[in-house]
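Thank you all for making time this morning. I would like to walk you slowly through one structure, so please have the sequence and the 3D view open in front of you.

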Amino acid sequence: MATAVSVPSMDPNVARFVSRTHKNLINGKWVESESGESFATFNPATGEVLSNIAAGNSVDIDRAVKAARDAFENGPWSRMTAAERTKLIWKLADLLEKNLEEFAQLESLDNGKPLAVARAADVPLAVENFRYMAGWATKIEGNTIPLSVPYTPGAKYLAYTLREPIGVVGQIIPWNFPLLMAAWKLGPALTTGCTVVLKPAEQTPLTALRLGELIQEAGIPDGVVNIVTGLGEAAGAPLAAHPDVDKVAFTGSTEVGKLILQAAAGNLKKVSLELGGKSPNVVLDDADLDSAIAGAASAIFFNHGQCCCAGSRLYVEQKSFDKVVEGVAKAAEKINVGPGFNPGTQMGPLVSEEQLARVCGYLDVGVAEGAKAVTGGSRLGEKGYFVKPTVLVNTNEKMKVVQEEIFGPVVTAIPFRDADDLIPRANNSTYGLAAGVWTSDIKKAHSIAAKLRAGTVWINCYNIFDAALPFGGYKQSGWGREMGHEVLEQYTEVKAVCAAL
Ligand code: ADP
């Protein structure tokens with residue numbers, strides 16, 4: 001049984017939702033997992049049991065895929081106009097907005113993030129993403145193509161392309177932005193007319209399950225979105241491998257991304273991957289240092305460093321190095337770390353005991369490698385999964401803490417001489433998700449941006465997201481893009497039609 005959680009000002013709907021035993025959504029019905037088993041999720045601020053979740057397995061995945069296939073081929077969804085899809089997705093956005101507070105509270109409890117952040121960022125960004133994607137349904141067009149076929153001289157053709165939904169999509173969601181990552185994936189699937197089996201992260205399934213209720217309330221037909229909760233290997237792996245799934249979209253670690261790719265090979269399903277990062281954040285001497293310092297701190301400490309695009313490698317031009325490091329360390333010390341529900345909390349706990357052990361392990365490795373913590377460097381307190389915001393110096397590109405994704409509030413600071421020194425070092429990573437540049441010289445800003453091998457470059461800002469701005473990685477940070485019109489290509493097939501006249 002889940003323990004009743006007592007947190008100041010908890011919405012009664014949230015308390016009720018959390019203490020339920022949760023089921024899976026398959027073909028419009030909430031059903032128990034085939035095994036009848038469930039697993040517990042934990043409140044990261046206390047380590048106590050938060051909720052009980054259905055432990056889905058390959059049988060549940062198979063049922064959900066069948067429902068999604070049937071909805072794709074035969075259901076009302078397949079006969080609906082694009083404008084009707086727009087209305088339903090927009091309605092879902094409205095319902096989410098109406099229930100913003102409830103979703104923000106669920107997200108904060110489940111993931112540990114500050115309630116204020118979930119209210120201001122996670123939920124509104126999810127709402128906006130659905131609205132942006134709703135508009136695309138009526139604008140997905142093909143082309144007419146002039147043909148000049150050399151071996152049929154004089155013949156005339158009418159040739160055109162259609163963009164058709166790719167089919168049944170498996171979507172595997174991470175725990176760092178549970179609702180938002182589900183919205184990033186559901187939005188394009190719904191607007192293009194696909195059907196979905198969604199598997200939330202086992203640590204943070206609550207907002208996806210509540211979203212499932214809103215999907216029903218919005219009138220999206222049964223079977224279009226199916227939600228199966230479960231562990232990665234038990235439920236995620238059979239979804240990635242399923243022979244009747246046309247595409248799998250995954251956000252998570254690069255390590256698991258490679259497993260997804262292997263699993264997808266069986267039926268050569270299409271794959272999009274949004275994976276890890278070790279993003280360089282570069283401060284030049286001519287930057288407005290106050291903004292750069294605040295920006296560098298927020299680039300790494302936002303969401304407790306649990307962002308795939310976190311600015312985890314801080315490169316500072318030599319002359320400004322000490323000042324910037326001191327500034328970021330001071331900013332780190334001022335961060336109010338505590339339970340996400342406490343008013344005034346700016347940084348919550350890490351999501352799980354496993355992440356706590358992983359991040360603390362990296363801190364130990366860093367020190368053993370010769371790094372020095374200017375501030376932080378250890379766990380905070382004994383209860384919950386808190387880590388002190390940490391700034392490491394005496395680091396270089398050979399160290400594990402500079403090469404590997406820590407996924408916690410830990411930044412490595414490294415000085416550089418000039419652009420020629422910087423670029424190879426900034427690009428010295430297997431990842432290529434994002435980067436930041438802080439300078440008041442417009443020429444330097446754009447020439448450095450051009451040379452950085454990253455899917456997103458922020459100039460004099462960081463962590464700016466918009467549903468219209470594509471996001472994704474170079475190198476081992478992934479395949480394909482989320483958001484913007486780019487994502488639509490990953491949810492559609494192009495059909496060329498050629499008619500002899
Ligand atoms: P992390 O290591 O940071 O917890 P993961 O990449 O393991 O992140 O998890 C992201 C998502 O991938 C979660 O929904 C998880 O259940 C799922 N997952 C984990 N392992 C597998 C796997 N072998 N196949 C498919 N999905 C998996």
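**Two helices and the sheet beside them**

Let me begin with a pair of helices, where H11 crosses H12 in the right-handed sense. Before going further, I should say that what you see is a predicted model, so please keep that in mind throughout. Helix H11 covers residues 289-301, and its axis lies 9 Å from that of H12, with an angle of about 55° between the two. H11 is therefore oblique to H12, since that term applies to angles that are neither under 35 degrees, nor over 145, nor from 65 to 115. If you would like to find the contact on your screen, H11 contributes Leu 289, Ile 293, Ala 296, Ala 297 and Phe 301, while H12 contributes Lys 323, Val 324, Gly 327, Val 328, Ala 331 and Ala 332.

Staying with H12, which spans residues 321-334, we can ask which strands this helix lies across. They are S12 (280-283), S13 (313-317), S14, S15 (390-393) and S16 (410-416), and the helix runs at about 65° to S14.

Those strands belong to an open sheet of 7 strands with mixed pairing, and the order across the sheet is S14-S15-S16-S13-S12-S18-S19. At its edges are S14 (372-375) and S19 (456-459), each of which pairs on one side only, and from one strand to the next the twist averages 25°.

Toward the S19 edge, strand S18, made of residues 434-438, runs parallel to S19 and is joined to S19 by 4 bridges; there, Ala 434 is found opposite Thr 456 of S19. Helix H16, residues 442-451, also packs on this sheet, where H16 touches S18 and S19 and has a direction at about 165° to that of S19.

**Smaller pieces of sheet**

A second open sheet has 3 strands, in the order S5-S6-S22, and here the pairing is antiparallel. Its edge strands are S5 (144-145) and S22 (492-500), each pairing on one side only. Between S5 and S6, the latter being residues 157-165, there are 2 bridges in the antiparallel sense, and Thr 144 stands opposite Tyr 160 of S6.

Earlier in the sequence, S3 (residues 38-42) and S4 run antiparallel and are joined by 5 bridges, with Ala 40 having Asn 52 of S4 as its bridge partner. The hairpin that these two strands make has 6 residues between the strands, and in it Gly 47 adopts a positive phi near 80°. Strand S4 itself, residues 49-54, is mostly covered, as 5 of its 6 residues are buried.

**Two aspartates**

I would like to finish with two individual residues, and the question for each is whether the residue is buried, partly exposed or exposed. Asp 122, which sits in helix H6 (residues 115-136), has a relative accessible area of 0%, so this residue counts as buried. Its side chain makes a polar contact, at 2.6 Å, with the side chain of Lys 113. Leaving aside residues up to four places away in sequence, Asp 122 touches Glu 107, Lys 113, Val 117, Phe 177, Leu 179 and Leu 180.

Asp 94, on the other hand, is found in helix H4 (residues 82-98), and because its relative accessible area is 35%, this residue counts as partly exposed. As a last distance to look at, Asp 94 and Gly 377 are 283 residues apart along the chain, and their C-alpha atoms are separated by 43 Å.

Note on methods
Residues are numbered from 1 along each chain as its sequence is written. This is a predicted model: local features need pLDDT of at least 70, side-chain atom pairs count only at pLDDT 80 or more; totals for chains, interfaces and linings use all residues. Side-chain values use heavy atoms; hydrogens and water are left out. Two strands pair if DSSP finds at least two bridges between them. Axes are lines fitted to C-alpha atoms, for helices over the stretch in contact, and angles run from 0 to 180 degrees between N-to-C directions. Contact means heavy atoms within 4.5 Å. Buried means under 20% relative accessible area, exposed over 50%, partly exposed in between (1.4 Å probe, protein chains only). A polar contact is a pair of N or O atoms within 3.5 Å; within protein, one must be able to donate a hydrogen and the other to accept it, and residues adjacent in sequence count only if both atoms are side-chain atoms. A crossing is left-handed if the near helix is turned anticlockwise from the far one by less than a right angle, and right-handed if clockwise.
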